[in-house]
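Please find below my note on the structure you asked me to look over. It is written to be read slowly, with the model open beside it.

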Amino acid sequence: FLFPNNQKMSQKEPSPLTLKQKVGSGLVAVVFVLGLFVGSFFNVLIHRLPREESIVRPPSHCPRCQHRLGPGELIPLFSYLYLAGKCRYCGEPVSPTYPLVEAATGLIFAGTFLFYGPTSHFVAALVFFSLLFLSARIDIEHKIIPDQLTLPGIIAGLVFALILPGITLGQSLLGLLFLGGLLLAVAMVSRGGMGGGDIKLGAAMGAFLGLPQALLALIMASVLGSLVGGTLILLRFMSRKEAFPFGPFLALGGAISFIWGQQIIAWYLQLWM
């Protein structure tokens, strides 16, 4: 029950190997470039979902002059550098967060591929890490986590548990109910101290992680959030009454637990044996 991922993956999935054993560097580069283009789409989601705008219409355009961007202006990273970080038509500065999101997404794609290789677990990990990244990025800027991310994330976690090696569907449901329910209880006790987006993100994380990795993710998120929040308050960068996004810490705890959760739990249990 404690280590279902290791047991099932050892039967059906190859263990993580070195880069030379797994794939060539050329294929990793292809995955990285694919991640750059997906990151460009992520920028659309980050900008439009919190504003409840369509992600299809209108096409990508300058927010100041409304000029529609051409294909040459939509090449990840390159367009930003070529245009010196400004709109070609009106000269409006383009936020550096756009190429940073593209680069980060490319690294997430390449890093996930290096770790898991061309396996079904790579697909599940990539969906999970993309959900965490988008949720954290939007929460940092807007203090919300859109339902358009978390609700499909919950469904995806359950589907992957049903069709892929890893946790069982029952363990996925337990993780969903445990982490989502616990965060809901915290929100009710704190009377708004926990947002609905955090609760749904926690439920999605539980669906992907199952138990006990979901509990580990929450513990790590709480510790990291308390350390960072406490430090910011002590340094007077924020007040005690100021809203503090918990989503990024949930995302970080979820990513760590997904990759190394079983090893961390095994190490902890050995301390008591």
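The points below go from the whole chain to single residues.

1. The model is predicted, and this should be kept in mind throughout. The protein chain contains 11 helices and zero strands, so that, read from the N terminus, the order of elements is α-α-α-α-α-α-α-α-α-α-α. The radius of gyration is 20 Å, close to the 19 Å that the globule rule gives for 273 residues, and the chain is therefore as compact as a globular protein of that length.

2. As for the overall dimensions, the C-alpha trace spans about 65 × 50 × 35 Å along its principal axes. Of the 273 residues in the protein chain, 44% are buried, while the chain exposes about 14,900 Å², of which carbon and sulfur atoms supply 69%.

3. When contacts in the protein chain between residues at least 6 apart in sequence are considered, 69% of them join residues that are at least 24 apart. On the matter of charge, the chain has 18 positive and 11 negative charges, and the mean positions of these two groups lie 4 Å apart.

4. Helix α7, which covers residues 147-163, is a useful element to examine with care, since its 17 residues reach 24 Å from the first C-alpha to the last, close to the 24 Å expected at 1.5 Å a residue. Its buried residues are Leu-149, Thr-150, Gly-153, Ile-154, Ala-156, Gly-157, Phe-160 and Ala-161, and the buried residues of α7 pack against α6, α8 (169-190) and α9 (196-209).

5. Is Ser-135 buried or exposed? This residue sits in helix α6, which runs over residues 120-142, and Ser-135 counts as buried because its relative accessibility is 0%, with under 20% as the cut-off. Leaving aside residues up to four places away in sequence, Ser-135 touches Ile-145, Leu-149 and Leu-201; of these, Leu-149 is one of the buried residues of α7.

6. Arg-51 offers another case to set beside Ser-135, being placed in the loop between α3 (25-48) and α4 (78-82). With a relative accessibility of 38%, Arg-51 counts as partly exposed, because this value falls between the 20% and 50% limits. Not counting residues up to four places away in sequence, Arg-51 touches Ile-46 and His-142.

7. Finally, how far apart are the C-alpha atoms of Arg-51 and Met-273? The two residues are 222 residues apart along the chain, and their C-alpha atoms are separated by 52 Å.

How values were computed: Residues are numbered from 1 along each chain as its sequence is written. This is a predicted model: local features need pLDDT of at least 70, side-chain atom pairs count only at pLDDT 80 or more; totals for chains, interfaces and linings use all residues. Side-chain values use heavy atoms; hydrogens and water are left out. Helices (H or I, at least four residues) and strands (E, at least two) are DSSP runs, numbered from the N terminus. The radius of gyration is taken over C-alpha atoms; the globule rule is 2.2 Å times the number of residues to the power 0.38. Buried means under 20% relative accessible area, exposed over 50%, partly exposed in between (1.4 Å probe, protein chains only). Contact means heavy atoms within 4.5 Å. Accessible areas come from the Shrake-Rupley method with a 1.4 Å probe; for residues, only the protein chains shown count as cover. Lys and Arg count as positive and Asp and Glu as negative; His and the chain ends are not counted. The place of a charge is taken as NZ of Lys, CZ of Arg, CG of Asp or CD of Glu. The expected span of a helix is 1.5 Å times one less than its number of residues.
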